[in-house]
Amino acid sequence: SSGVTGAGPIFNAVMLAAERRLGGSSPAFPDAPIRPVPGNVVEREICALSGMAANAWCPLRRREWIGAEAPSQPCHWHHLSDEGLLTFWPPEYRQWARTQGLDEAPRARARDVMAYGASSADDRRVASRAPLTIVSPAADSTYLIDPTLRREFQTLPLRVVASTSGPIEWTVSGRAVGTANADAALDWPLSTGRHRIVARDRQGRTAETMVTVR
């Protein structure tokens, strides 16, 4: 069944039923919730960006149903300072934030988070992150070169999550292929074979992964 003959009609029917229900035009749908609220959830105000419990400075908030036993520590991404509202992006979101044109505060290391009053649990989580981790490509991935496309358009983005900013030197199968900032990706032209990819930061810390290109 294709999307046109299967998923499309189902989605259309669901949306029409939802419109009738929310519009109150159908007596078959009373105002009662679709399902009773489970006893193991509570409604809380969360930061719409981080998903953690909203603090006094979170600019966007929403109410969500959260597991009653879920941690309720306040958001430590947003802080008010003499410079105004600061957003401390976790390392894994810095590149995304930059491509979206979002303002970034100085890099949030564990001591920065503590200085702004985050809980000890938050600090331990930040401090326990590996100082350098390759997130692209994923370990033991396999990539196929498309014979119908020009080779210069077939590249693999090399990217890390790092606890600090700065240059990252990349080598593939022992050969230097370039340097990029820790918050940026380096495009490596695909080459057939089994490759060991190594990232090295300016402190000499390394991370590595293996990929296969066919």
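T133 stands opposite V161 in β7. Behind that pair, β5 and β7 run antiparallel to each other and share four bridges; strands count as paired when DSSP finds at least two bridges between them. Strands here are DSSP runs (E, at least two residues), numbered from the N terminus.

Before going on, keep in mind that this is a predicted model, where local features need pLDDT of at least 70, side-chain atom pairs count only at pLDDT 80 or more, and totals for chains, interfaces and linings use all residues. Residues are numbered from 1 along each chain as its sequence is written, and side-chain values use heavy atoms, with hydrogens and water left out.

Now back to the sheet. It is an open one made of three strands, ordered β5-β7-β10, with antiparallel pairing. β5 and β10 each have a single partner strand and sit at the edges, so one side of each has no neighbour in the sheet. From one strand to the next, the twist averages 35°, with axes taken as lines fitted to C-alpha atoms and angles running from 0 to 180 degrees between N-to-C directions.

What about the inside? The largest nonpolar core holds 20 residues, and L132, L158, V160, I168, W170, W188 and A199 have the most contacts within it. Such a core is a set of buried Ala, Val, Leu, Ile, Met, Phe, Trp, Tyr and Cys residues joined through side-chain atoms within 4.5 Å. Elements giving it two or more residues include β5 (132-136), β8 (167-172) and β12 (206-213). β7 gives the most, with four residues.

Take L158 as an example: leaving aside neighbours within four places in sequence, its contacts include W170, V172, W188 and I197. Contact means heavy atoms within 4.5 Å. Apart from the largest core lies another, of eight residues, with C47, M52, C58 and A97 among them.

Two loop residues make a handy pair to look at. Buried means under 20% relative accessible area, exposed over 50%, and partly exposed in between (1.4 Å probe, protein chains only).

| Residue | Loop | Relative accessible area |
|---|---|---|
| Q154 | between β6 (141-143) and β7 | 7%, buried |
| G174 | between β8 and β9 (175-181) | 70%, exposed |

Which residues does Q154 touch, not counting those up to four places away in sequence? They are L144, I145, D146, L149, W188, P189 and L190. As for G174, its C-alpha atom is separated by 9.0 Å from that of H195, which is 21 residues apart from G174 along the chain.
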